[in-house]
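Student: Can we go through this one label by label? I'd like to see where each term comes from.
Tutor: Sure, let's pull it up.

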Amino acid sequence: HDVLLHWHIGEECTASLIDGGFTVSGPGVTTTFRSRSCGFEFDLVSGSETPPCGWISRSFDSKHPITTARMRGRILGGTQIVTTIPVRADSADPLN
């Protein structure tokens with residue numbers, strides 16, 4: 001089976017690809033998404049028309065590009081997909 005997982009990134013955040021995943025940075029926090037599943041590929045999409053991906057709509061007939069991270073791969077029947085998402089506060093965060 002082919003699988004494709006999506007994570008929609010908040011408008012106030014930035015995302016970048018790393019080996020085996022991606023990072024997301026926002027106000028005062030950084031998160032790294034990684035998957036231990038072999039052979040999975042990650043990419044970032046924003047404002048794609050075909051297929052539609054990387055959009056946010058806050059009202060009818062209105063859409064704005066937003067970053068969407070995708071993880072795609074091929075699995076067999078008993079495959080487990082494990083994604084770790086450790087969150088760390090940035091040292092410049094005044095709340096820490």
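**Rings, burial and contacts**

Tutor: Let's begin with the rings: this predicted model has 4 aromatic pairs. One of them joins Phe22 and Phe33, with 4.4 Å from centre to centre and 10 degrees between the planes.

Student: What makes the pair of Phe22 and Phe33 stacked?

Tutor: Check the distance, then the angle. Ring centres have to lie within 6.5 Å to pair, and planes under 30 degrees apart count as stacked. Phe22 and Phe33 come in at 4.4 Å and 10 degrees, so they pair and the pair is stacked.

Student: Where in the chain do Phe22 and Phe33 sit?

Tutor: Phe22 is in strand β3 (residues 21–26) and Phe33 in strand β4 (residues 29–35), so the pair links distant parts of the chain, 11 residues apart.

Student: Are Phe22 and Phe33 buried or exposed, and how do you know?

Tutor: Both are buried, because the cut-off is under 20% relative accessible area, and Phe22 has 0% while Phe33 has 10%.

Student: Phe22 also pairs with Phe42. Why is that pair called tilted?

Tutor: The centres of Phe22 and Phe42 are 5.9 Å apart, with 55 degrees between the planes. Stacked needs under 30 degrees, edge-to-face needs over 60, and the rest count as tilted. An angle of 55 degrees is in neither range, so the pair of Phe22 and Phe42 is tilted.

Student: What does the pair of Phe22 and Phe42 tie together?

Tutor: Phe22 lies in strand β3 and Phe42 in strand β5 (residues 41–46), so parts that are 20 residues apart in sequence are tied together. Phe42 has a relative accessible area of 15%, so Phe42 is buried too. Ring pairs link Trp7, Phe22, Phe33 and Phe42 into a cluster.

Student: How do you know where the charged end of Lys63 sits?

Tutor: It is over the ring of Trp55, 4.4 Å from the ring centre. The distance limit is 6 Å, and NZ also has to be within 35 degrees of the ring normal.

Student: Back to strand β3, then. Why does Thr23 count as buried?

Tutor: Thr23, found in strand β3, has 15% relative accessibility, and the cut-off is under 20%, so Thr23 counts as buried. Leaving out residues up to four places away in sequence, Thr23 touches Thr14, Ala15, Ser16, Ile18, Thr31 and Thr32.

Student: And Thr32: buried or exposed, and what does Thr32 touch?

Tutor: Thr32 is in strand β4 and has a relative accessible area of 13%, so Thr32 is buried. With the same sequence neighbours left out, the residues Thr32 touches include Phe22, Thr23, Ile85 and Arg88.

Student: How many helices and strands are there?

Tutor: There are 0 helices and 10 strands, and the pattern along the sequence is β-β-β-β-β-β-β-β-β-β.

Student: How much of the protein is buried?

Tutor: Buried residues make up 30% of the 96 residues. The exposed area is about 6600 Å², with carbon and sulfur atoms supplying 54% of it.

Student: What about contacts between residues at least 6 apart in sequence?

Tutor: Of those, 56% join residues at least 24 apart.

How values were computed: Residues numbered from 1 in each chain as written. Predicted model: local features only at pLDDT ≥ 70, side-chain atom pairs only at ≥ 80, totals over all residues. Heavy atoms only, no water. Phe/Tyr/Trp six-rings, centres within 6.5 Å; stacked < 30°, edge-to-face > 60°. Helix = DSSP H or I, 4+ residues; strand = E, 2+ residues; numbered from the N terminus. Buried < 20%, exposed > 50% of the residue type's maximum accessible area, 1.4 Å probe, protein only. Contact = heavy atoms within 4.5 Å. Areas by Shrake-Rupley, 256 points an atom, 1.4 Å probe, with all protein chains shown as cover.
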